[in-house]
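Q: Could you take me closely through one part of this model, the open sheet and the helices packed on it, and then place that part against the cores and the contact between the chains?

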Amino acid sequence: MVKRIFFFFIVLRFTFSGIAQDRKLSEVDSISYLIEKADDKSISTIERLTFAESAKRLSERIKNDTLISKALRYIAVNQYSLKNYNLFKKAGKDLLEHSIRIKDSFYIAKANVYLGQFYTMASESDSAYFYYYNAEKVYRSIKNDLELAKTLLKIAVVQKNEKDFIGSEVSTIEAISLLESSEQIESSYKNEFLAPLYNNLGIIYNELGDYTEAISYHEKALEIRKKFEDRDLRKEEESQNNIAVVYKNAKEYDKALEYFDQILIDKNLKLDDPSFYALVIDNYAHTKFLLNNTENIPKLYYDALKICDSINDDYRAIELSIHLSEYYKRINQLDSAKYYAYRAKNLASKTYNDDYLKALFHLTKIEEDSLAVRYYQEYITLNDSLINNERAIRNKFARIRYETKEIEQRNERITQERLYLLILSIVLILSIFLIYMTISQRAKNKELRLNQLQQEANEEIYNLMLTQQDKIEEGRAQEKKRISEDLHDGILGRLFGTRLSLDSLNEKTDVDTVKNRGVYIEELKAIEQEIRKISHDLNSDIVSGSGFFDMIKTLVENQTKVYNLKYELKKNDDIDWESIPNKTKINFYRIIQESLQNIYKHADAKLVKINFELKNDFILLEISDDGNGFEINKVKKGIGLKNIASRVEDLGGDLDINSMRGKGTTILVLIPN
Amino acid sequence: MLMIDDHPMIIEGYQNTILSIKTHKQEFDIDIASTCDEALEYIHNSLNSKPYDLLFVDIKIPPSSDGLITSGEDLAKYARKMLPKAKIIILTMYNESYRIHNILKTINPEGLLIKSDLTSNELSSAFLNILENPPYYSSTVNNFLRKTITTDIFVDEKNRKILHLLSQGVKTKNLAEHVGLSLSAVEKRKKQLKELFSVEDGQDETLLKEARNKGFL
């Protein structure tokens, strides 16, 4: 009671505690404690189950996947112990979903085993086999020999139950060899599972009629069981029973009876395991019957029957009824024989399997001919269908193996295909990207190169202009020097001479002197004129023409010579070339250059007229030719015209192109000054 | 005496001035040359007969045809060699310190007259002085000498030339050729000069101004 209250409060505390980051670690510890308790065999299964369920809730809240798996496992285990098979199934399904999601192979396999166990209980062998097979595959892949062996044992049992003896033999032998050769497993563990495996082999060989082998394996199992630290008397007695049954089948009745006697030494058996006790008694009595030793016979059967009735063991009851019927037939009490025979049939009709066949067979031996025949026929039909069922199940097992293999292969192929597709699309995207990059890069390069060329051309012109500028300045400087020299040498000298002479004559007053003075005064006049001339020289435009215009003239002269054109080049003298920015001049130069090129390429003209006009605040450049002309709308796309247009736009001006087929073309460029 | 000048007006002026102070006792024989070639001819001739006592030399005269004598300076130097006893009066329009310095140094004439200083009277005085008691320098030359002697600054030949050329508007990059130095050497000298003349803003113009002030230009 105290323990319960204590446990209740613990659960309460953990269920309602809030979750804080700093408490996360201690929560993990708490949940681990709960899980420990869920596996604590000292407390009741219900308590264990409650611990497991609390553990699940809490680990879900803190989203710890490993703990969730553990919790779900113990829920399943405890539900199984409590025989809540539907809840057990649900727990198994939950565990399977969860472990698939978190990709935990160990628990995937475990969950499959639980589901296999459920379906074994539900007698759906094909489903059981399916889940066990899944578990088998997982254990193989994670190389867990012990669990693989255990699973193979379960599979072997399912196969045996469905009479797939060969399959069961294969599974069992593989399990045995795994256990024997594995270095992972301790030998105590090994023996724990070798025993049931040998037992299974014994059963199989018994069914296949290889009695010597059957006995050898059952003996092996018994030997191992006897060596256990915690000896399970029941298990040992089962082995002994199995051995006895083999001997019975081998018709070595005395040996069989020996083993049965061994078992019956255990006086507690009747109370501890009445079902098994009944079985042993039935086998024992039947063996005796076969030995023709009818001492105690019907009484033994009745005892056993009574027990079966009290525990509702129909299967045993059928066997006993048949045996009783056999007995009564032998002592010629046909009514009793028939009574028990029909009793067996009726009991067996609930399941329509081997027991029913046995009952039918027995009836054929007891009944009159007509009925017997009918029962024979029924027997044959049922037998055939049972055999077909067995075969079908065996095929189903095989198909499960094959199908899953097939599905796996298909999945593999699909994954591979998907991988190829992914790689292909990546490669495709990559190559498209690369191509795009290459193309755009090339385009950029082209553009850059063109720009570079433009730059270079502009630079050339600029340099030309600078040189021109230099020349002009040099010219000016030269002129200045000339004037300076003129002044210095010529004028000054003469003035000096005149002054000196006049000075020397200053004192004298005679006629000659007066005449002389007159001469010198005339000289002064001459000097004045010379000064005026020099002054005038200074005023006039020192360097003839404006440098830029000279450049244009040179360009036009040269180009028209090459292109074989006549030209007329005019300008408005009021245009002040010095004040026009270099950029504009460069562009003018280039526009004329490109226009001349265009005219040469397309116009087939004879004369080109170039005129610089000044209109208010605008400079108007007019370039006209007498060539073929062109359709303005069609040809605006030409590179030459495009360049001109972009230059004009750059300068903030207007471009007007007039052309008529056969009449020539005029390009008007209007640039603000 | 030989008067060398390419302006006949000036020769006339000289003649008038000299003649106006001539006393009865004196006899002047005046020859006139207007180019180096003519001058050379006269000089050579005079060597044979009567060597000249006095030469009036203008710096700016057309050079000789063989290109050996390029100016009045060269001519004066040559005349010195040829007529060591003759007195040389240099008359020139050039009033730059550099020129004056050079003329004094290379020719050391008995008279150095800057034309713009001259009046008739002064020329007469100069003439008389040179005859009796050389040397005679016109006022500009005197000023130059005064400044040169009183200044603490010393400027060597090449630097003088550099200053002179700068003041003529020759660009620094062309100076190298004229001076016969590398461009970096010229730059170095310019820097020195700027330091010498305490040019604070490092401008060529200021240098020229200072040099002019101190009488080096």
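What follows is a connected account that begins with the sheet and then moves outward.

A: The model is a predicted one, and the part you ask about is an open sheet of 5 strands in chain A, ordered β1-β2-β3-β5-β4, in which the pairing is mixed. At the edges of this sheet stand β1 (566-571) and β4 (654-660) of chain A, and each has a single partner strand, so one side of each is left without a neighbour in the sheet. From one strand to the next, the twist averages 10°.

For the edge strand β1(A), the partner is β2 (residues 607-615) of chain A, and the two pair in the parallel sense over 6 bridges. Within this pair, A:Lys566 stands opposite A:Leu607 of β2(A). Helix α22 (residues 547-563) of chain A packs on the sheet and touches both β1 and β2 of chain A, with a direction that makes about 170° with that of β1(A). Helix α23 (residues 582-603) of chain A, for its part, lies across β2, β3 (618-625) and β5 (664-672) of chain A, and runs at about 15° to β3(A).

Turning from the sheet to the nonpolar cores, the largest has 108 residues, and those with the most contacts inside it are A:Ala55, A:Ala71, A:Ala76, A:Ala175 and A:Ala359. Leaving aside residues up to four places away in sequence, A:Ala71 touches A:Ile35, A:Ala52, A:Ala55, A:Lys56 and A:Ser59. Apart from that core lies another, of 45 residues, which includes B:Ile4, B:Ile18, B:Leu54 and B:Ala126.

In chain B, helix α7 (residues 157-167) gives a more local view of burial, since its buried residues are B:Arg160, B:Lys161, B:Ile162, B:Leu163, B:His164, B:Leu166 and B:Ser167. Among the elements that cover these buried residues of α7(B) are α4 (97-106), α8 (172-179), α9 (183-196) and α10 (204-214) of chain B. After α7(B) comes B:Gly169, whose phi is positive, near 90°.

Finally, where the two chains meet, 15 residues of chain A are in contact with 15 residues of chain B. On the side of chain A that touches chain B, helix α20 (residues 369-505) of chain A gives the most, with 13 residues. Sorted by class, that side of chain A has 4 nonpolar, 7 polar and 4 charged residues.

How values were computed
Residues numbered from 1 in each chain as written. Chains lettered and ligands numbered in written order. Predicted model: local features only at pLDDT ≥ 70, side-chain atom pairs only at ≥ 80, totals over all residues. Buried ≥ 20, exposed ≤ 12 C-beta atoms within 10 Å, placed from the backbone. Helix = DSSP H or I, 4+ residues; strand = E, 2+ residues; numbered from the N terminus. Contact = placed C-beta atoms within 7 Å. Core = buried A, V, L, I, M, F, W, Y, C linked by C-beta atoms within 7 Å. Pairing = 2+ DSSP bridges. Axes fitted to C-alpha atoms, helices over the stretch in contact; angles between N-to-C directions. Nonpolar A, V, L, I, M, F, W, Y, C, P; charged D, E, K, R; others polar.
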